[in-house]
Amino acid sequence: MSKISIKDIALKANVSIATVSYVLNGTRNVRPETRRRVEAAIEEMNYKPNDIAKSLKRQHTNTVGVIAEDITVFNAPDIIDGINDFGDRHDLHILLVNLRLDKRIGRNFNDVAAYRKYAANAVSELLSKQVDGIIYIGVHTRDLTGLIDTEGKPIVYTYGYTKDDVSIQYNDEQASYEAMAYLISQGHSRIAIISGLMDSIPSRLRLNGYYRAVTEFQLPFDPLLIKMGDWERESGFRLAAELLAMPEPPTAILSMNDVMAVGVLQAAAAQGFKVPEDVSVMGFDNREFSDYLTPRITTMNLPLHEMGYQAIETLYQIINGKTSDTRLPPQCQLIERDSVAAPRTK
């Protein structure tokens, strides 16, 4: 059976092709009687408009491409969900490409050439599908300037940034400062911190937040309370063991992610420290498992869904030539659970 065309509808309804087009696209007023004839013909012949062809005539496809560096990394699913949330509300089609960088090259992101080719292939694939714009989701926050060429298509980055394009980020320094302020409000003054890798932008920013809180709240500064980890549980265990073996151990330990915080809990248990009675433990990221441990980990929730939502909202405004609003960047949220309490009085 041949495909029904707009010409067939015009013949059936005894109107011009232009009139059928006006009814389909709502571009002009059509007399009610004529509209009814056209709509009846459309229903009787089960005509399905070619959405892609229609949108190309409007110079938009209502399609957004999303490039995720790796959808198995914890941040990606919620960001993508935020993108889909906005897309559903505005009838946008979302095309997702997963670069699988964590599996292909690990965390060796200093070798830009190793992942530039994967990103370039993804852009080429999306441009061939006539996307109106692209969202790029990084595995971790870093400078992505010069990574890809979108051939003039607008692009918005999240969980990564460039010097030339729009990026949607939360404030790592402020989130770390707020975590410290919370611990201080609970009565802690001897607070240790276990960082991630120091070539990581979030590590440096979160450490800045720690220093700012120590300064503003006039806490005694002890450089021995600052430990450099690597984001993994083992480093949390090893470094927490060192901290708890000090002659005057900290009353609270802030871990820069929940994975290392698990190691901190294990080190505390191994050395006979009760959490939170003897030492409070706080994480970062609000990973799902942090709510299922004993004790449940107090942590900072990353606004991942909102980052995705704002990223596509901003891209949508750019595509449609609208002035971007001045909304605040997504904000982290303190999640109070069981692993933090006031220090014991001596």
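This talk goes through two parallel sheets of a predicted model and the helices that pack against them.

I'll start with the five-strand sheet. It is open, its strands run in the order β2-β1-β3-β4-β5, and the pairing is parallel. At the edges are β2 and β5, the latter covering residues 166-168, and each of these pairs on one side only. Ignoring direction, neighbouring strands in this sheet are turned by 25 degrees against each other on average.

Two of the pairings, with registers you can check on the screen. β1, residues 63-68, pairs with β2, residues 93-98, in the parallel sense over six bridges. If you want a marker there, take Gly65, whose bridge partner in β2 is Leu95. Towards the other edge, β4, residues 155-158, is joined to β5 by three bridges, again parallel. The marker here is Tyr157, which stands opposite Ser167 in β5.

Now the helices on this sheet. α5 touches β1, β2, β3 and β4, and its direction makes about 155 degrees with that of β3, residues 133-137. α12, residues 304-319, touches β1, β2, β3, β4 and β5, and makes about 165 degrees with the direction of β4. As for connectivity, β1, α5 (residues 75-89) and β2 make a right-handed β-α-β unit.

How do α5 and α12 pack? The angle is about 45 degrees and the axes are 6 Å apart. That angle makes α5 oblique to α12. The crossing of α5 and α12 is right-handed. On the α5 side the contact residues include Ile79, Ile83 and Phe86, along with Asp78, Asp81, Asp85 and Arg89. On the α12 side, they include Leu304, His305, Tyr309, Ile312, Glu313 and Tyr316. By class, the residues of this α5 and α12 contact come to seven nonpolar, five polar and five charged.

On to the other sheet. Four strands form an open sheet in the order β7-β6-β8-β9, and the pairing is parallel. Which strands stand at the edges? They are β7, residues 226-228, and β9, residues 280-282; each has a single partner strand, so one side of each is left without a neighbour in the sheet. Between neighbouring strands of this sheet the average turn is 15 degrees, direction ignored.

Inside this sheet, β6, residues 191-195, and β8, residues 252-255, pair in the parallel sense over four bridges. For the register, Ala192 stands opposite Ile253 in β8. α8 lies across β6, β8 and β9, and runs at about 165 degrees to β8.

The last item is the helix pair here. α8, residues 172-185, packs with α9, residues 201-216, at an angle of about 40 degrees, and their axes are 7 Å apart. So α8 is oblique to α9. α8 passes α9 in a right-handed crossing. From α8, the contact takes in Asp172, Glu173, Gln174, Ser176, Tyr177, Met180 and Ile184. From α9, the contributors include Pro202, Leu205, Arg206, Tyr210, Arg212, Ala213, Val214 and Glu216. Taken over both helices, the contact of α8 with α9 has eight nonpolar, four polar and five charged residues.

To put the two helix pairs side by side: α5 and α12 at about 45 degrees and 6 Å, α8 and α9 at about 40 degrees and 7 Å. Both are right-handed crossings. That's the end of my part.

Terms used: Residues are numbered from 1 along each chain as its sequence is written. This is a predicted model: local features need pLDDT of at least 70, side-chain atom pairs count only at pLDDT 80 or more; totals for chains, interfaces and linings use all residues. Side-chain values use heavy atoms; hydrogens and water are left out. Axes are lines fitted to C-alpha atoms, for helices over the stretch in contact, and angles run from 0 to 180 degrees between N-to-C directions. Angles under 35 degrees count as roughly parallel, over 145 as roughly antiparallel, 65 to 115 as roughly perpendicular and the rest as oblique. A crossing is left-handed if the near helix is turned anticlockwise from the far one by less than a right angle, and right-handed if clockwise. Contact means heavy atoms within 4.5 Å. Ala, Val, Leu, Ile, Met, Phe, Trp, Tyr, Cys and Pro count as nonpolar, Asp, Glu, Lys and Arg as charged, and the others, Gly among them, as polar. Two strands pair if DSSP finds at least two bridges between them. A crossover is right-handed if, with the strands pointing away from the viewer, the path from the first strand over the helix to the second runs clockwise.
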